Amino acid sequence: MTTTNSLGLYLHIPFCVRKCRYCDFLSFGCSDSKLLSEYADALMMEIGIRAEEWHYRPVDSVYIGGGTPSLLSAWDIGRIMDCLHDNFNITEDAEVTIEANPATLSDEKLERYLRKGINRISIGVQSFENSVLEVLGRIHNKNDAFYSYQRARKAGFENINLDIMFGIPGQTMKMWKDTVRQCVFLRPEHISLYSLQIEEGTEMYDLVYRKCSLRPVPDSLDREMYHTALKMMKRAGYDHYEISNAALPGHRSRHNMKYWSYVEYLGLGLGASSFTGGSRYKNCGRMKDYLRAIKAHTAPVDTGSIENYTQREEMGIYVFTGLRKTEGIDLDQFRETFGRDFFDVYDRKLLDRYKGFLILSGERLYLSERGMNVSNSIMTEFV
């Protein structure tokens, strides 16, 4: 059940030069160029396998994420892109994004990306303050970030996203405002701003909660940083269209909008998630299982991860993800998608309980900016 026939593709590259202190994604450090190329080979084999079922669907967004996709050679990324075009029905105007770490970019890579049809790049800047980058365990410095942006522009990229992060131990409001100011000055088409989440099992968690060598940022300062950044971006002409994303007009992330708008996507690569045919599932998360499936010419799906939710559960997912968008959800579209009126399913009293936070305007339900401060507690009411 989708709102459009187009399909989004996500390709996962799990390798990094070194895992960042805060990262709990499926990724790991790797400096073995042979292993990187072997993984690229396996990914291309999976593309062929999955295309047998999905080649007929138009693909209007491709997102190559990680990890650090830019760690792969320009040659391997080019081979993967050729394979995608050979096997999937990628539309002429498709948005094709690659994530990159500033320390792993080169002119050769950027030029090859463009030549092979990658038209959007997302650069993981995180901060323009070297001391903050050191706390995060990033491998680049602020000069790398500036140079990588300039190189991408010089190569010809006209759609650039910069990732920046706040709520980092040791980060002051001045440091954060300087990062936002420099980011806005560079004028990327898109900015993603994330509050640091300190997850158990990460090095950052140990440093903060076990060794107590770093102090977490108070929630009040975290929220002040968030709203300060939004004001600065809005003044600079950016449209805050999703809790963690802002864009210049016409440059919203087409691929990520699929996640928030109940549109199908297919995940390729180690541990990648998919939502297709009404089912949600993940690929194998262990490399040996992934490679074994590929060698057997079977889709490397972790069968234990397959979820077929009830209609009520799917409604909850629709609302939970849709409320991340500043425009929220369209109640007419909800009715069209599920065949039920929204307030036949959910209690209208929620509007009173979250007055000023959850807004109903005509047929649109959305969170106010204050509501985004407590978004999870509101959104979980619908799950």
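## Two helices and a central strand

Analyst: Let's start with the helices of this predicted model: the axes of helix 1 (residues 33-54) and helix 2 come within 10 Å and cross at roughly 5 degrees. Axes are lines fitted to C-alpha atoms over the stretch in contact, with angles from 0 to 180 degrees between N-to-C directions; helices are DSSP runs of H or I with at least four residues, strands are E runs of at least two, and both are numbered from the N terminus.

User: How are helix 1 and helix 2 oriented to each other?

Analyst: Angles under 35 degrees count as roughly parallel, over 145 as roughly antiparallel, 65 to 115 as roughly perpendicular and the rest as oblique. So helix 1 and helix 2 are roughly parallel. Contact means heavy atoms within 4.5 Å; among the residues making it are Leu36 and Ile47 of helix 1 and Ile80 and Leu84 of helix 2.

User: Is strand 4 mostly buried or exposed?

Analyst: Buried means under 20% relative accessible area, exposed over 50%, partly exposed in between (1.4 Å probe, protein chains only). In strand 4 (residues 58-66), eight of nine residues are buried.

User: Which strands does strand 4 pair with?

Analyst: Two strands pair if DSSP finds at least two bridges between them. Strand 4 runs parallel to strand 1 (residues 7-13), with seven bridges, and parallel to strand 5 (residues 89-100), with six. Val59 of strand 4 has Leu7 opposite it and also stands opposite Ile90 in strand 5.

User: Any caveats on numbering and confidence?

Analyst: Residues are numbered from 1 along each chain as its sequence is written. Local features need pLDDT of at least 70, side-chain atom pairs count only at 80 or more, totals for chains, interfaces and linings use all residues, and side-chain values use heavy atoms, without hydrogens and water.
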